Amino acid sequence: HTVRRQSIKRGEPRQMPSLPHTAESTVREEHFSSRRKQLEDYLTKILKMPMYRNYHGTMEFIGVSQLSFIHDLGPKGIEGLIMKRSGGHRIPGLNCCGQGRVCYRWSKRWLVVKDSFLLYMKPDSGAISFVLLVDKEFNIKIGQKETETKYGLQIDNLSR
């Protein structure tokens, strides 16, 4: 925290903005639009503070990543936290425990879907783990029979 505090530039805001203290249940309907504006202003102020803007919990809450605003990557697609099963490079038919669950490690990953590729990143560091291109063999399988997990989906392409 000491290094983080010292890295904050002098002109940047340092204090957390405050939210109104009035309970939602006591606000009349005609004041809802001003409440929305107050919340929007609060989130804007939070996102102007690099320490909070780059924090993985903030990005997860808002549903964005460091890649969301890079225009050269194309329009913002869907993003979100997923549970990824290990074994993307496994040989079909070689399950060490059969029907799946015990042999695989599950890890949280941030999935980013764009028009010509998808990628997943480590949510805490933002390090890109893998990029999967949409090519002529791009295929999505859904369901327990195809993926060996109840709510899983499997994405394949020419290389993986």
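Student: Is Glu 79 buried or exposed?
Tutor: This is a predicted model, so the call rests on computed areas. The relative accessible area of Glu 79 is 13%, and the cut-off for buried is under 20%. That makes Glu 79 buried.

Student: Which residue forms a salt bridge with Glu 79?
Tutor: A salt bridge needs a side-chain nitrogen of Lys or Arg within 4 Å of a carboxyl oxygen of Asp or Glu. For Glu 79, the closest N and O atoms of the pair are 3.5 Å apart. The partner is partly exposed, with a relative accessible area of 41%. It's Lys 76.

Student: How many salt bridges does that rule give?
Tutor: Glu 79 with Lys 76 is one of them. Asp 41 with Lys 37 and Lys 141 with Asp 156 also meet the rule. The count comes to three.

Student: What separates Asp 41 and Lys 37 along the helix?
Tutor: Both sit in helix H2, which covers residues 32–47. Their closest N and O atoms are 3.1 Å apart. Because they are four residues apart in that helix, the separation is about one helical turn.

Student: Are those two buried or partly exposed?
Tutor: Asp 41 has 31% relative accessibility, and Lys 37 has 44%. Buried would mean under 20%, and exposed over 50%. So Asp 41 and Lys 37 each count as partly exposed.

Student: How many residues apart in sequence are the parts tied together by Lys 141 and Asp 156?
Tutor: Start with the contact: Lys 141 and Asp 156 form a salt bridge, with the closest N and O atoms 3.6 Å apart. Lys 141 lies in strand E5 (residues 139–142) and Asp 156 in strand E6, so the pair ties together parts whose separation in sequence is 15 residues.

Student: Which of those two is buried?
Tutor: Lys 141 has a relative accessible area of 25%, so it's partly exposed. The other partner comes in at 17%, and the cut-off for buried is under 20%. The buried one is Asp 156.

Student: What is the nearest side chain of opposite charge to Arg 160?
Tutor: Arg 160 is found in the segment after strand E6 (153–156). It is buried yet has no salt bridge. The nearest side chain of opposite charge is 8.0 Å away, and a salt bridge has to be within 4 Å. That side chain belongs to Asp 156.

Student: Which side chain makes a polar contact with the side chain of Arg 160?
Tutor: Arg 160 has no salt bridge, but its side chain does make a polar contact at 3.4 Å. The partner is the side chain of Tyr 120.

Student: Which strand gives the largest share of the largest nonpolar core?
Tutor: That core has six residues in all: Leu 67, Trp 110, Val 112, Phe 117, Leu 119 and Met 121. Strand E2 (106–113) and strand E3 (117–121) each supply at least two of them. The largest share, three residues, comes from E3.

Student: Which residues make the nonpolar surface patch of about 300 Å²?
Tutor: One of them is Phe 61, placed in helix H4 (residues 56–62). Phe 61 is exposed, because its relative accessible area is 69% and exposed means over 50%. The patch is made by Leu 47, Phe 61 and Ile 62.

Student: In what order do the elements run from the N terminus on?
Tutor: The chain has five helices and six strands. From the N terminus on, the order is α-α-α-α-β-β-β-β-β-α-β.

Notes: Residues numbered from 1 in each chain as written. Predicted model: local features only at pLDDT ≥ 70, side-chain atom pairs only at ≥ 80, totals over all residues. Heavy atoms only, no water. Patch = residues over 30% accessible without salt bridge, like charges linked within 9 Å, V, L, I, M, F, W, Y side chains within 5 Å. Areas by Shrake-Rupley, 256 points an atom, 1.4 Å probe, with all protein chains shown as cover. Helix = DSSP H or I, 4+ residues; strand = E, 2+ residues; numbered from the N terminus. Buried < 20%, exposed > 50% of the residue type's maximum accessible area, 1.4 Å probe, protein only. Lys, Arg positive; Asp, Glu negative; His and termini not counted. Polar contact = N/O pair within 3.5 Å; in protein donor to acceptor, adjacent residues only side chain to side chain. Core = buried A, V, L, I, M, F, W, Y, C linked by side-chain atoms within 4.5 Å.
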